[in-house]
Amino acid sequence: MAKITLNNIAHSYDGGNSYALKAMSHEWNDGGAYALLGPSGCGKTTLLNIISGLLQPSEGQLLFDDVDVSSLPTEQRNIAQVFQFPVLYDTMTVADNLAFPLRNRRGPDKLSAAEIDHRVQQAISMLGLEALAGRKARGLSADDKQKISLGRGLVRTDVNAILFDEPLTVIDPHLKWQLRTQLKQIHRQFGHTMIYVTHDQTEALTFADKVVVMLAGEVVQMGTPQELFDAPQHTFVGKFIGSPGMNVLPCELAGKEAVIDDRRIALAREYPTLNGVIELGIRPEFVRLVNSGQGLPVQIVSVEDVGRHRIVRAQLNKHRLDIIVPAHQPVPSEPGVEFDSDRINIYQNSQLVGWEHQL
Amino acid sequence: MKPWNNKAWFFVLPVLLLVAFSAIIPLMTVVNYSVQDSFGNNEFYWVGLEWFQEVLASERFHNSLMRNLLFSGIILLIEIPLGIAVALAMPRRGWGVSVCLVLMALPLLIPWNVVGTIWQVFARVDIGLLGHTLAALGVDYNYTQDTFDAWVTLIAMDVWHWTSLVVLLCYSGLVSIPDAYYQAARIDGASRWAVFRYIQLPKMRRVLVIAVLLRFMDSFMIYTEPFVVTGGGPGNATTFLSIDLVQMAIGQFDLGPAAAMSLIYFLIILVISWVFYTVMTQQDNDSVTDGRQGGGQ
Amino acid sequence: MLELAGVSKRVGNEDHIRDVSLQLERGSMNVLLGPTLSGKTSLMRLMAGLDKPTRGDILLDGVSVLGIPVQKRRVAMVYQQFINYPTLTIYENIASPLRVARLAAADIDKKVRHAADLLRLTEFLDKRPAELSGGQQQRTAIARALVKESQLVLLDEPLANLDYKLREELRQELPRIFAELGAILVYASTEPSEALLLGGNTATLHQGRVTQFGATIDVFQQPVDLVTARTFSDPPLNTAPVSKRGAELRLDRFVIPLSAAQAAMPDANYTLGLRPWHLTLEGSADCTVEGQVKVTEITGSETYIHLHVADQPWVSLTHGIRHLDVDTSQLLHFSPENIYLFDETGHLVMAPRSPVPVSKALLAEQAWQK
């Protein structure tokens, strides 16, 4: 297990014309669970491959526990990685697949056969693979194969970090729950440094202590799930986190009020005069649907009943507005909406206006 | 219920007719000859399995068969590992790929008799590049007089001609392996040998079955090249079954024994191919049934 | 209307589809929900005419379509993989079924531009599929299905290979896009949440059998049996064996008081089912159970608490951010009116009261719900 330091890491696939990963410096704690979250092409897999050593960064250094590993090949970095699709040695049994990375250790790290066996048994029972241990990997179901792939990542207890590259993409929802919680339990038990790449916000938030949200080769925000939910630093984070994501409405500021198309909305605090594009961000969870005559009038476009609650898609003048309504609350036919003042965020040119701007 | 699409049969019909004319009718003729004897004048009489007994008991047949088995065995032992090695060494991406593929395909484009002629000239001691060079280097080499030299020449020729086929088949298997497998192997700290043994070889197995079958059948039936290069000599040193057969049928006009021999020849190829195929796909079938049982519905 | 009447499909020794009967209305959205290998794709292939059922009949507007080859049926299919012609432009990709049908160039142009407009592809019409993102490639495949003006549109997990957010976006648009077509839409999915967001009707599949078919929200709220309830739950349904005596349910060492209506049921052994959001940490509800905390997961505003209750893995979805110590005991509460009860054969005998239905006026605006 190790602390991972990115020191001005940047990467370009075309010799510096464009950067898939723009220069970034971060320090990730020993034993932390981190998620790299972002849409396709945001650079999250590039960053993961730089950490694993499958890719040499064009600039900057990578440190494991303050030791520069930038030039070390993958096999010397002592990391484990789980891929999006199951990667197994078809001709080996399940148990041999798990033992394989351990048997490859040479020199002072060499493990005794008894120790290998012990660890393999541990991984097998951790993931509930007892029934499959003696079977050849070929011909197993995709779910089982991916479980074994996870096991191959977890069987090495002395690794610097375990990297996950969208490991649950091909897994059915029910097993997803099971595997995710198993991963969390294993993390708590063994305290590996874990880095988990995904485009699925639910996976990222539920898995990680710290979520790193990426867009176009840059880290837009790094924070706890709660920070990303309550105070998205960028409108992109607000929209990307949450389902549905945060409503972002263009507005003007007037003292302790925001003005959207002549309609006034109370704010929790007063903002100074701000230039540029000003927007108001409010999560669907904090918009209340009220009877007509109250609040701002909206037109309802559609209602999606997802069982737990309803998602009301509405139109506030020209702007789209999503509202979450509790299951047992009736939806009035000509409703208005009210915003929870404490939960309103104000954005200037897409960046959150922080508390330092308070008057 | 009525058939899904009647038109389909219509399209298959010409092929069926073609196969009937080109394969089944001649085969029947051969069967017919193999159980009869003739003293000319188009008079035939029934001899039963006599020709078969005669052929199977003859030393000439045994010797030819041994030569064939030896030749095919050597060919497979050289071409398969060599083909795999060359395929592994070929680049996976970039401009080198197409260059290599074209170079590999070249020998396959040359007709058999031309290949024979090329080597016949190439290996001649007086004017051939290979033969002359060897002679100049002091090697006592003459494929028209020395049994060993004749064999070396034929094997070298076949390796030169057909290894590319194995290479191309193996290469197609190799390029279908996703990058993630290699990455995982690096992360696991797997050695070069382990990558070959556990990733590349299993993924190449299906194409290797095809390569072994094709190369076995082809080499076991080899005719044109030795006929052109050595003519079956020196002595009978390179008289394979196919050459022997032609000599018997056309040279000696012993149609009955020749027909019986060709049927035996055909059966041997069929049986050995079947054995190869069964053995090499055995593991495959095992794991498939395994998967059905365990993988659920 | 597409009708499947007692359709079965047997391949070798395996039953891929077992005795499925469904009636799909024109202009409706129908979700086939079930895990991988539950028979969704097999069923779609039968509907499309790519496979022939071993038993049963498939009728379109009352006429059997079994003998009609797939090329002659008006069927469009969109797959999980983005399938386009790589060498053709987006325009030609969308136009391809119309070219096959030999439409006039002007008609083709009109239809292609309309579809491109609906799927926001107009600016990419001259590009080739490889130059587009995954989302745009799948939009192209959908546009091609759209211009075909098929009677039956089959979508086989069309969003599974897309990013989460793109999925959300396209999922919301799909019903609207196909609404004007008036076609029968069939949408295969492994995700219960996706079925709920799509609305319409849902058929839950389990081992080749349709366990229930009805309005999506009804199937979710009133599953006919335990298998359906489990298939249609994400997060998983909490279950535990219980025994009923008079006005009490016994769950391990815990006692759950029942309402008068519930108490009227016969005394027997049942399986209790409880949605994770009906199991809370706050003590206001009537019933209390104790569990060992295994893992907590934060979603930003809520917390999933995974616990073991009476040796069963249970999940609670609680408001707010909670960090609970692992392996400690935790009291959890729920209201008896929120429980499901299944009898020993797995059939539903009691469901929670359904929430107030969305007013009819609102439903009318969702054009694709008929």
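Reader: Is Trp177(A) buried or exposed?

Author: In this predicted model, Trp177(A) is buried, with a relative accessible area of 7%.

Reader: What sits over the ring of Trp177(A)?

Author: The charged end of Arg180(A) does, at 4.6 Å from the centre of the Trp177(A) ring.

Reader: How many aromatic pairs turn up over all chains?

Author: A search of the whole structure gives 23 of them. One of these involves Trp177(A) and Tyr304(C), whose ring centres are 4.7 Å apart and whose planes stand at 85°, an angle over the 60 degrees required, so the pair counts as edge-to-face.

Reader: Where do Trp177(A) and Tyr304(C) lie?

Author: Trp177(A) belongs to helix α5 of chain A, residues 173–190, whereas Tyr304(C) belongs to strand β16 of chain C, residues 302–309, and the pair therefore joins two chains. Tyr304(C) also counts as buried, at 9% relative accessibility.

Reader: And Phe220(C) with Trp277(C), why is that pair called stacked?

Author: Their ring planes are at 15°, which is under the 30 degrees that stacking allows, and their centres are 6.4 Å apart, within the 6.5 Å limit for a pair, so Phe220(C) and Trp277(C) count as stacked. The pair links distant parts of the chain, 57 residues apart, with Phe220(C) in helix α7 of chain C (residues 216–221) and Trp277(C) in the loop between β14 and β15 of chain C.

Reader: Are Phe220(C) and Trp277(C) buried or exposed?

Author: Phe220(C) is buried at a relative accessible area of 4%, and Trp277(C) is buried as well, at 16%.

Reader: Switching to chain B, which residues form an aromatic cluster there?

Author: One cluster is made up of Phe216(B), Phe220(B), Tyr265(B) and Phe276(B).

Reader: Back to chain A, what lies over the face of Phe229(A)?

Author: That is Arg283(A), at 4.5 Å from the ring centre.

Reader: Now the contact of chain A with chain C, how many residues does it take from each?

Author: Chain A contributes 44 residues and chain C contributes 48 residues. About 4,000 Å² is buried between chain A and chain C, and carbon and sulfur atoms give 57% of that area.

Reader: Which three residues of chain A supply more of its buried area than any other three?

Author: They are Trp177(A), Arg308(A) and His328(A), which supply 19% of the area that chain A buries against chain C.

Reader: Different topic: where is the kink in α5(C)?

Author: A kink of about 30° lies at Glu173(C), shortly before the proline Pro175(C). Helix α5 of chain C covers residues 164–179, and its 16 residues reach 24 Å from first C-alpha to last, close to the expected 22 Å.

Reader: Which residues of α5(C) are buried?

Author: Among them are Tyr164(C), Arg167(C), Leu170(C), Leu174(C) and Phe178(C), and both Glu173(C) and Pro175(C) are buried too.

Reader: How many helices and strands does each of chain A and chain C have?

Author: Chain A has eight helices and 23 strands, while chain C has 10 helices and 20 strands.

Reader: And how much of each chain counts as buried?

Author: For chain A, 60% of its 359 residues count as buried, and for chain C the figure is 53% of 370 residues.

Reader: What are the spans along the principal axes?

Author: The C-alpha trace of chain A spans about 75 × 45 × 35 Å, and the C-alpha atoms of chain C fill a box of roughly 75 × 45 × 45 Å.

Definitions and conventions: Residues numbered from 1 in each chain as written. Chains lettered and ligands numbered in written order. Predicted model: local features only at pLDDT ≥ 70, side-chain atom pairs only at ≥ 80, totals over all residues. Heavy atoms only, no water. Phe/Tyr/Trp six-rings, centres within 6.5 Å; stacked < 30°, edge-to-face > 60°. Helix = DSSP H or I, 4+ residues; strand = E, 2+ residues; numbered from the N terminus. Buried < 20%, exposed > 50% of the residue type's maximum accessible area, 1.4 Å probe, protein only. Lys NZ or Arg CZ within 6 Å of the ring centre and 35° of its normal. Expected span 1.5 Å × (residues − 1). Bend = angle between axes of the 7 residues up to and from the residue. Contact = heavy atoms within 4.5 Å. Buried area = accessible area lost by both parts, 1.4 Å probe.
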